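Q: Please take a close look at one part of this model, its nonpolar interior, and set out how the residues there are arranged.

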Amino acid sequence: MLDERAKLLLKTLVERYIAEGQPVGSRTLSRASGLELSPATIRNVMSDLEELGLIASPHTSAGRIPTARGYRLFVDTMLTVQREQFNAPSLPPDQPQRVIANAAQLLSNLSQFVGVVLAPRRSSVFRHIEFLRLSERRFLVIIVSPEGDVQNRVVFTQVDYTQQQLVEASNYINTHYAGLAIEQVRERLKAEVDQLRGEIVQLMQTAVDASSEALTQAQDEVVISGERNLLSVTDFSSDMSHLRKAFELFEQKTQLMRLLDISSQAEGVRIFIGGESQVVPFEELSVVSAPYEVDGQVVGTLGVIGPTRMPYDRMIQIVDITAKLVTNALSHQK
């Protein structure tokens, strides 16, 4: 356990390094902390903090910088968030996709880092389904959700179907299965296969599979804004390998989806520092995230991605406020 003197010196060091981006020396710490300690005493405390893995000494400087572990201790036990007044524009009720895109841009603009939003999971329940013949052995599946979202998918089949057969199949599904999830429809079709004409049940099973694929691909979309902001961050611009790894992460998106999905399972703002999330395994990146809701139910997550040397108190406020704005916009769009 750290004593109060060591905690104050670590807090001062982290705050100075976040503000200035330069290793912090003993003399600077003595002045900034307000402690009347000799340089030798401060050096001894710094040595202890270094042994604990909370700070490190770059080869080119006599000063120290925080490690990911040091940032974590600072965020968990020393960070005080003072409410600032942000000129955050409101997110008016709109189509969910537009609210999500605007939120990612807002996060990026306010933070000057990267804004990410995991779009709401769509229900696989459908209100209406329709099949439209396009050409021989090729038709369009149109799925309408209870919220009015429309997804469609072109389907290729082994045999040809007339438009009348397509109408017959869609009428049967709408009459018997509307309001169910696509997965439930698939199971019901398997159970009722003997009661339906062979070619029609094959058609419906093909269409249901395509509908499930269309709905799955429409889910878990990660919207990213402001990647180029990292070009102006000294921590990245001085090392192109760090920047390249970050951009690869944004291109793949899969790891981000997993991280944001983890974040949605917790209440309030979460902070992942350096590689500790094990999902975004980069020591140079930190993620501040929070879930957002629709009508009281968590449906997605949003956050800011930036260097470990970020002003965490400000990022916490930005993420918290944006999550509330998205919640309000999506909950009142109906």
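Which residues does Leu49 touch, not counting residues up to four places away in sequence?

A: In this predicted model, Leu49 is in contact with Leu2, Ala6, Leu10, Leu54 and Ile55, once residues up to four places away in sequence are set aside. Leu49 belongs to the largest nonpolar core, which has 72 residues. Together with Met46, Phe250, Tyr292, Tyr312 and Val326, Leu49 is among the members that touch the most other members of that core. Helix H12 (residues 312-331) supplies the largest share of this core, ten residues. Separate from it is a second core of 25 residues, including Phe126, Phe139, Leu189 and Leu196.

Phe250, named above for the large core, leads to helix H10. Phe250 is buried in H10, as are His242, Leu243, Ala246 and Leu249. These buried residues lie on the same side of H10 because they cover an arc of only 120° around the axis. The helix itself comprises 13 residues (residues 240-252), and at 1.5 Å a residue it should span 18 Å; the end C-alpha atoms are 18 Å apart, so the two values agree. After H10 comes Lys253, with a positive phi near 65°.

Leu189, one of the residues in the second core, leads in turn to helix H7 (residues 182-191), where Ile182, Val185 and Leu189 are the buried residues. Viewed down the axis of H7, they fall within an arc of 50°, and therefore line one face of the helix.

Definitions and conventions. Residues numbered from 1 in each chain as written. Predicted model: local features only at pLDDT ≥ 70, side-chain atom pairs only at ≥ 80, totals over all residues. Heavy atoms only, no water. Helix = DSSP H or I, 4+ residues; strand = E, 2+ residues; numbered from the N terminus. Expected span 1.5 Å × (residues − 1). Buried < 20%, exposed > 50% of the residue type's maximum accessible area, 1.4 Å probe, protein only. Arc of directions from axis to C-beta. Core = buried A, V, L, I, M, F, W, Y, C linked by side-chain atoms within 4.5 Å. Contact = heavy atoms within 4.5 Å.
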